[in-house]
Each structure stands twice: as C-alpha cells, then as structure tokens.
Amino acid sequence: MTELAPHYDVVCIGGAMMGSATAYFLTENPDFDGTVLVVEPDWTYDRAATTRAQNSIREQFTNELNIRLSGFGVDFIADFHENVQVDGDAPEINFRGTGYLFLADTEELYERLERESEVQLAAGAEVEMLRPADIAERFPYMDADQLSGARLGGMREGSFDGWAFFQGLRQRARHNGAVYVKDRVVDLDVAGGRVVRVHLESGRSVACGHAVNTSGCRARQVAAMAGVELPIEPRARTSFVFDCRTPIPHTVPLTITPVGVHFRREQNHYMCGGVPEHDVAVDYDDLEVRYDEFEELIWPAVARYVPCFDEIGVVTSWGGQYDYNTLDHNLIIGASSAVENLIFANGFSGHGLQQGPAVGRGISELITYGGYRTIDLSPLGYSRIERNEPIVEHAVI
Ligand SMILES: Cc1cc2nc3c(=O)[nH]c(=O)nc-3n(C[C@H](O)[C@H](O)[C@H](O)COP(=O)(O)OP(=O)(O)OC[C@H]3O[C@@H](n4cnc5c(N)ncnc54)[C@H](O)[C@@H]3O)c2cc1C
C-alpha cells in the first residue's frame, strides 16, 4: 500500500484526464513547490470517460473561450513528445489532422454556421464555408444534393490516441513527484469554508491545502461531500465502429450531420455516435450499449449524406458517459463561494480530453498565483451557477 504523508498541498479526487492534467501542470510549474496527491480507485481506468472517448479535437466552437481552450490543446499535442518525455521516451500520440465538417441541410442552418464562423475566424480558428458544388468536388463520396452547404475546419482539427495522451500526462506527473494512490475519496471535512481533511475508503485520511474535484461523472457526489451543489449528471453515449464495403479514397473529415450524428475514419473503419432521443440522467454504473441507436438514429443519418454507407456493418461498440452540465453543457472551473479551496474541473459534456491541457494549466495558475495568468477562465467559474447565468455554446456534439 502506498505510504501517505499526513498533509498534501493539493489532493486531486480522480486520476484520469483532469486529475493527471492538474498534477502535470502543477508539477511542471517552477513557481509551485508543493506536494500533489492523486486519489484514483480504478487503475485500469476502464470505466472513466477518458478511456471511452472518441479522441478528437476541434476549433469549431461558438464560444470564444472554448475555441481558445481547445487551441491550447492543439498546441500542446503538437509538442506532445517534448512535453511529456520521461528519460527520453514518450507515448506516440499519432495526431491525424482532418478537420471537422459541419453539414447544413437548410439555408437557415447554413447561415447560422456562417455567422458562427465569424467568431471562429476572429478567434484565430481556420474555417471555410462550402456550398454543395465545393462539397461535391472536395468530398465526392457525399451526396451534395442533400445539402445547402457546410463549414469545414482546418488541419489543426483531428483525432489522436486518447490513451497515450492521458498516459503521457500521468507518467510525467508521477516522474515529477506527484503521488498516485489507489483509493477512493469517501468524505471531506470542511471547517471555516475550507476542505481541511480528505477521507479515503481504506480508512486513511490526509490534510490538504486544496482539493480538486476531478471525479468526472461523479462530480456531483464529490461536491456534495463538502455541501456544494453541482448541476452535473451522467448521460449515456454509445460509440459504434462500422465498416463499409466501398472504400473511400479521399480524406474523410470528422463529419457532423444536422441531427448531431457524427462519424470519422478510424484506420479502415468509421467511428460514430449521436445524441440519444431521450437524453436523460442515467445510473453512474450504466455503461450499457444502446444498440437500437445505431439502427434508428445513426445509420439513417450517415447513409443519407454518404450513399455508400447504405451497406455497412457494426464491428464493435461500447458505452460511455458524458459528465453533463445541465445548466449550459460547459466546463465549471474554480471554487464556489461556500468552500474556497475545493476547485472544480467538471461538466465537460463531451469535450474534456481536448480541454484537459488548458484546464490543468488554469488550475495550476489558480492554486499557485491565486488567479489566471494565461487564458482568463473566470467566465467559466462556479459563480455563473450561483447566478444561474448559462454561457452559450451552440456547437455541442
Ligand atoms: C463517448 C464519448 C466520446 C467523447 N469524445 C470526446 C472527444 O472526441 N474529444 C474530447 O475532447 N472529449 C471527448 N469526450 C469527453 C472526455 O472523455 C471527458 O470530458 C474527459 O475524459 C473527462 O475526464 P475526467 O478526468 O474529468 O473524467 P473521467 O475520465 O471520467 O475520470 C474520472 C475519474 O475519477 C475517478 N473517481 C470518481 N469518483 C471518485 C472518488 N470518490 N474518489 C477518487 N476518484 C474518483 C474515477 O474512477 C475516474 O477514473 C468523450 C466522452 C465520451 C463518453
């Protein structure tokens, strides 16, 4: 059993993407000279969203902050090998830039995509609007007659190996001195508006300077241990991989149909998913595959725009969960006014892998300097929950 010190400056509650990104950026920051403990019960990470994601990154958000958060993710991935090296070695992240293609089947939707592209261009994202003739020329496997147009992102958008991404951060954080313990946080002692002690399932406990809630879908349970309410619930998302008899000898961007069904190429197959018709909170342990979604939602949507997807077969599938922020499906970062040293990194609603580096860096700044030094993430803070003021983001996948 890992021996624990009586006190840690920072305790991360959950050791997947957010726990590891926080531990990484704290221990990389030359101005932070504290100790970091990461508590994680499942060292296989089998049930974590981090392991069940579709591993893609985009600049095409409609909120400038989200664009900048993912933009830092893109830069971090570009230098990944140098960023996470341990003894000259680093996992291979295998980034493939393909762009994201948002399809429009009505003039109204095309105009909305075009309006959003102005925000994206102003924030430095690479995007271009396409009309059906452009789509037919660039992506001849698509039935462009079904479309009024599309918005295409640049090669900074694409897919990568999510497991390597997370493991690289984790390995480097451990190398830098962060302590990972196989245990579960079961309670928090709060005194004078601060978390003072963290209790573990094994019966042990440690005192802390800050606690960071990096527990993914269970964020609401962990916040409740300190008496704070978080509007986050688990929502089921099934991923399918299918193969298609007809080879497509062209680039296939990560494509989002007007009903929100998305697909992208993964080696010789295609990975896809969509938003279930009845999108409600599910049990924390519910990782069941919703097989009917493929027949009823996904197949009709992809075959409508890509005729050769008429003949496809499912190769594999798996269940996962979004840590869904019911106020505005955006991340919540920072503390509440009630418990000043319990920092949230929760509610990513499906885009947490790509935002992990910017969030880890932001938390390291909050803890080390008492405020943000790079991207000002305060609009994404907990106070908007207290004021019931959503941040608007239209491009939710
Ligand atoms: C189907 C699907 C597709 C996705 N696709 C993408 C994508 O393409 N791009 C993208 O950017 N994002 C994507 N995401 C989202 C992304 O996976 C998540 O936002 C991100 O992985 C969240 O990381 P996390 O560390 O917050 O949560 P998790 O990975 O869920 O990890 C939380 C950890 O906390 C631990 N924990 C829970 N309770 C406790 C406790 N009491 N004590 C200690 N530890 C605890 C758990 O064991 C778990 O390991 C996708 C998600 C899903 C489900």
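A polar contact is taken here as a pair of N or O atoms within 3.5 Å, and in this predicted model a backbone N or O atom of Gln 354 satisfies that cut-off, lying 2.8 Å from an oxygen atom of the ligand. Two glycines also place polar backbone atoms by the ligand: for Gly 352 the partner is a ligand oxygen atom at 3.0 Å, whereas for Gly 350 a backbone N or O atom lies 3.2 Å from a ligand nitrogen atom. The protein covers 93% of the 1000 Å² of accessible area that the ligand has on its own.

The elements that contribute two or more residues to the shell around the ligand are α1 (17-28), β13 (232-244), β17 (312-325) and α9 (352-369), and the largest share, three residues, comes from α9. Of the 34 residues around the ligand, those that come nearest are Met 18, Glu 40, Thr 50, Ser 56 and Gln 354. By residue class the shell divides into 15 nonpolar, 14 polar and five charged residues, and at least three residues are drawn from each of domain 1 (7-84 + 161-231 + 327-386) and domain 2 (96-157 + 234-324).

Helix α2, formed by residues 64-78, has 15 residues and reaches 21 Å from its first C-alpha to its last, close to the 21 Å expected at 1.5 Å a residue. Because 11 of its 15 residues are buried, α2 is largely enclosed by the rest of the structure; the buried residues of α2 include the aromatic-bearing positions Phe 72 and Phe 76, together with Leu 65, Ile 67, Leu 69, Val 74 and Ile 77, as well as Asn 66, Ser 70, Gly 71 and Gly 73.

Conventions. Residues numbered from 1 in each chain as written. Predicted model: local features only at pLDDT ≥ 70, side-chain atom pairs only at ≥ 80, totals over all residues. Heavy atoms only, no water. Near = heavy atom within 4 Å. Polar contact = N/O pair within 3.5 Å; in protein donor to acceptor, adjacent residues only side chain to side chain. Areas by Shrake-Rupley, 256 points an atom, 1.4 Å probe, with all protein chains shown as cover. Helix = DSSP H or I, 4+ residues; strand = E, 2+ residues; numbered from the N terminus. Nonpolar A, V, L, I, M, F, W, Y, C, P; charged D, E, K, R; others polar. Domains from an automatic or database assignment. Expected span 1.5 Å × (residues − 1). Buried < 20%, exposed > 50% of the residue type's maximum accessible area, 1.4 Å probe, protein only.
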